[in-house]
Amino acid sequence: MKLERKPEKLGAILVAHKMAAKRDVDAALAGQKKTKERIGEALVRKGAASLEDVYWALANQYNISYMHVDRDQVDPGVVRIVPEELARRYNILPLLKVANDLIIVVDDPVNAGVFDDVESLTGCDLSITLAKAKEIQDALDSVYGERA
């Protein structure tokens, strides 16, 4: 599975929706050569955009939904479709399975190799949803127990 990215860049989406100033996006882009940070990470670190806005723009860029994950939404049976080690390594959360469709929540839609691995392992067709990394980690901890 490979997600199709819109041609519009993340920074342009943030600017167009007034979630970041163009000068801040330009500065973050210029600084990327040194820091190797993704633009969203740089904008959040500098306080030029909120983490919420960056995730929303990223979901918009990849034309996927964005959600808040709560521990109460987690079905332990569905989560265990993907081995814990794989779920934690890639920070993915299997959320819902209907027939052969598996909805997984990710914090990074760029890593398409993960989707291929999960499809191959589960034999399911994937639907991708985006959520904050911390929310996914908390949900995984609620199912598998916190890491030592």
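Biologist: How many Å should the 14 residues of α2 span, and how far apart are its end C-alpha atoms?

Modeller: At 1.5 Å a residue, α2 should span 20 Å, and its end C-alpha atoms are 19 Å apart, which agrees. Keep in mind that this is a predicted model. Just after α2 comes K36, whose phi is positive, near 65 degrees.

Biologist: Thanks! Now, which residues meet in salt bridges within helix α6?

Modeller: The general idea comes in two parts. Side chains of opposite charge can pair when their charged atoms come close. An α-helix has 3.6 residues a turn, so residues three or four places apart point the same way. Here, R88 and E84 sit four residues apart in α6 (residues 84-90), and their side chains form a salt bridge at 2.9 Å, N to O. R89 and E85 are also four residues apart in α6, with a salt bridge of 2.7 Å.

Biologist: Which residue outside α6 does R88 pair with?

Modeller: R88 forms a salt bridge with D141, with the closest N and O atoms 2.8 Å apart. R88 lies in α6 and D141 in α8 (residues 133-144), so the pair ties together parts that are 53 residues apart in sequence. Together, E84, R88 and D141 form a network of salt bridges.

Biologist: Is R88 buried or exposed?

Modeller: R88 is buried, because its relative accessibility is 11%, under the 20% cut-off. D141 is buried too, whereas E84 is partly exposed at 34%.

Biologist: And which element gives the largest share of the lining of the largest pocket?

Modeller: Rolling a probe the size of a water molecule over the atoms shows where empty space is left. The largest pocket here has a volume of about 570 Å³, and α4 gives the largest share of its lining, six residues.

Terms used:
Residues are numbered from 1 along each chain as its sequence is written. This is a predicted model: local features need pLDDT of at least 70, side-chain atom pairs count only at pLDDT 80 or more; totals for chains, interfaces and linings use all residues. Side-chain values use heavy atoms; hydrogens and water are left out. On a 1 Å grid over the protein atoms alone, a cavity is a set of points where a 1.4 Å probe fits but cannot get out, and a pocket is an open set with protein on both sides within 12 Å along at least five of seven lines; lining residues have an atom within 4 Å of a point. Grid points are joined across faces, edges and corners, and a volume is the space filled by probe spheres set on the points. Helices (H or I, at least four residues) and strands (E, at least two) are DSSP runs, numbered from the N terminus. The expected span of a helix is 1.5 Å times one less than its number of residues. A salt bridge is a side-chain nitrogen of Lys or Arg within 4 Å of a carboxyl oxygen of Asp or Glu. Buried means under 20% relative accessible area, exposed over 50%, partly exposed in between (1.4 Å probe, protein chains only).
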